[in-house]
Amino acid sequence: MKELIKSLLPRSVLRAYLIRRGQRFGILRKETEGLLDTEIYEELHRRVLSGVEGPILEIGTASGTAPIAMALALKSRKSPHKIFTVDRFVGGTRAQYGSVEDNIGRFRSFAKKWNVDRWIDLHVMEVDQTMVQSLIERILPNQLSGLILDADGSIHRDLFLFNRVLSKDTFIFIDDYHPDLTPKHQKTYVLVNYLSEQKYIEFTDTGHNSIFAKINVEKSVDSIVYEQAEELVAGFPEI
């Protein structure tokens, strides 16, 4: 009977009903074709909702499921801060949806549909020194409350470049942590384990081929650590 009633309801009414019943992250994942488990989006939302107040940086926007989930938390907090999200929108799963412009339009339509576009600041560019300096100037004097890494597996690069805006309270989320699923997973696995073994980062939670971590404020990822990490992954293909 419940399924019959659901089938008779207009889609917009059913969507609103399911969201009220606590299924919004499953709906969000389905509508945006998110690649992570629903539980991950729920946890990202929870951490932003209950953690320290501050901006968030994401490297690897894709369809925007993660930044939308976190922006919903910023919206609930009536936060003045934003999520800065960076992507080239080239290659990988992005190619399935067309050109760079197609991917941008797709992302913006999702953010607008979930009414969180004012809390998300999209940057379509490479992760390089010019981009980093521009973003850091916008983040300071704040420190990041969260850093989401889900791009090309170059974890050491991102921790090195954004070291100035990380604190002991910054939660770090790293996806694609697995020893052999894909070259990107392997690269991430090698780098994360190296940084953990050398006590530059500390795991706080793991699961679904991803980890949550925090930095060790007494040991920063400097240029020397960066070069050592580069040597570890020198044989990996460019992603």
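**Working chat: Asp-102, strand β7 and the overall fold**

Modeller: Asp-102 counts as partly exposed, at 41% relative accessibility; that class lies between buried, under 20% relative accessible area, and exposed, over 50%, with a 1.4 Å probe and protein chains only.

Colleague: What kind of model is this, and where does the numbering start?

Modeller: It is a predicted model, in which local features need pLDDT of at least 70 and side-chain atom pairs count only at pLDDT 80 or more, while totals for chains, interfaces and linings use all residues. Residues are numbered from 1 along each chain as its sequence is written, and side-chain values use heavy atoms, with hydrogens and water left out.

Colleague: Which helix is Asp-102 found in?

Modeller: Helix α5, residues 100-113. Helices here are DSSP runs of H or I with at least four residues, strands are runs of E with at least two, and both are numbered from the N terminus.

Colleague: How far apart are Asp-102 and Ser-134 in space?

Modeller: They are 25 Å apart, C-alpha to C-alpha, with their positions 32 residues apart in sequence.

Colleague: Switching to strands. Is β7 largely enclosed or open?

Modeller: Strand β7 covers residues 210-215, and five of its six residues are buried, so the rest of the structure largely encloses it.

Colleague: Which strands pair with β7?

Modeller: β5, residues 171-175, pairs with β7 in the antiparallel sense over four bridges. β6, residues 201-207, also pairs with β7 in the antiparallel sense, over six bridges. Pairing requires that DSSP finds at least two bridges between the two strands.

Colleague: Which residues sit across from each other?

Modeller: On the β5 side, Asp-175 has Ser-210 of β7 as its bridge partner. Glu-202 stands opposite Lys-214 in β7.

Colleague: What about the turn between β6 and β7?

Modeller: The two strands form a hairpin with two residues between them, and His-208 in the turn has a positive phi of about 55 degrees.

Colleague: Now the whole chain. How many helices and strands?

Modeller: The protein chain has nine helices and seven strands. Its radius of gyration is 18 Å, close to the 18 Å from the globule rule for 239 residues, so the chain is as compact as a globular protein of that length. The radius is taken over C-alpha atoms, and the rule is 2.2 Å times the number of residues to the power 0.38.

Colleague: How much of the chain is buried?

Modeller: Buried residues make up 47% of the 239. The C-alpha atoms fill a box of roughly 60 × 35 × 35 Å along the principal axes.
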